[in-house]
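Please work through the exercises below with the sequence and the coordinates at hand, and try each task before reading its solution.

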Amino acid sequence: MPAHVARITGLTTAAATVLFALAACTRTPAPAPAAAPGVDAARGNGFTVTLALSEAASRIVAVEHATITVSAEWFGYPTVAAQQRQLPGTEQAWLSLHRETRETGGAGEVHFRSPVFDPADLALIERGRPQLRIEVHDGDGSVHDALLDCGAFQGELASAERDGVGIDCRLAAE
């Protein structure tokens, strides 16, 4: 056998031996570090909006068969670095990450599941922590035709996931 063939055969045998030895080893995975609840924005969690109506608002919503819309917008405040690089979307006061709406016929709980955010989008926002804005309205959302006057929520997504969100509505005429 020529010397170069013997050397290749020897190297192949040595490589195979190392691979078999590595395959025979078992690795014990390290436990994942415990994250604070709601902190892993990339993973996505859920939250509940508890909608409360005044007695008068409840009666009118029932009689009118009104639909109440709960809108959720996940967003973040762009980092200074992202603004300086003039990345798309960072010219606004906030960078929209996702929007969803749910409809309901009255008081109660409305559930949302937070989306899984792209790590590249999270890198564009301050501390990589999304914010949340919840708005509630009846009808088409027009101020002129509104039966209800509802509160809103704006704050950290982690807070909404941990504590939930409470929104109170009353008649616009109350």
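The exercises that follow treat one helix, one sheet and several salt bridges.

This is a predicted model, in which local features need pLDDT of at least 70 and side-chain atom pairs count only at pLDDT 80 or more, while totals for chains, interfaces and linings use all residues. Residues are numbered from 1 along each chain as its sequence is written, and side-chain values use heavy atoms, with hydrogens and water left out.

**Exercise 1. Determine which residues of helix 2 are buried, and what they pack against.**

Step 1. Helices (H or I, at least four residues) and strands (E, at least two) are taken as DSSP runs and numbered from the N terminus. A residue is called buried under 20% relative accessible area, exposed over 50%, and partly exposed in between, with a 1.4 Å probe and protein chains only.

Step 2. In helix 2, which spans residues 55-64, the buried residues are A56, A57 and V61. Seen down the helix axis, these buried residues fall within an arc of 130° (taken from the directions from the axis to the C-beta atoms), so they line one face of helix 2. E55 and V63, on the other side of helix 2, are exposed.

Step 3. With contact meaning heavy atoms within 4.5 Å, the buried residues of helix 2 pack against strand 1 (46-53), strand 2 (68-76), strand 6 (148-150) and strand 8 (165-171). Just after helix 2, H65 adopts a positive phi of about 50°.

**Exercise 2. Work out the strand order of the open sheet of four strands, and place helix 2 on that sheet.**

Step 1. Two strands pair if DSSP finds at least two bridges between them. The order in the open sheet is 4-1-8-6, and the pairing is mixed. Strand 4 (108-113) and strand 6 are the edge strands, each pairing on one side only. From one strand to the next, the twist averages 25°, where axes are lines fitted to C-alpha atoms, for helices over the stretch in contact, and angles run from 0 to 180 degrees between N-to-C directions.

Step 2. Helix 2 packs on this sheet, where it touches strand 1, strand 6 and strand 8, and its direction makes about 75° with that of strand 8.

Step 3. Strand 1 pairs with strand 4 in the antiparallel sense over six bridges, with T50 opposite E109 and L51 opposite G108. Strand 1 and strand 8 run parallel and are joined by five bridges; in strand 8, G166 is the bridge partner of T50, and D168 is that of A52. Strand 6 and strand 8 run antiparallel, joined by three bridges, and L148 stands opposite L171.

Step 4. The covered face of strand 1 carries F47, V49, L51 and L53, whereas G46, T48, T50 and A52 make up its uncovered face.

**Exercise 3. Describe the salt bridges of E55 and D149, including the exposure of each partner.**

Step 1. A salt bridge requires a side-chain nitrogen of Lys or Arg within 4 Å of a carboxyl oxygen of Asp or Glu, and by this rule the count comes to eight.

Step 2. E55 forms a salt bridge with R59, their closest N and O atoms being 3.1 Å apart. Both residues lie in helix 2, four residues apart, or about one turn of the helix. E55 is exposed at 63% relative accessible area, whereas R59 is partly exposed at 49%.

Step 3. D149 and R170 meet through their side chains at 3.0 Å, N to O. This pair links distant parts of the chain, since D149 lies in strand 6 and R170 in strand 8, 21 residues apart. D149 is partly exposed at 33% relative accessibility, and R170 is partly exposed at 40%.
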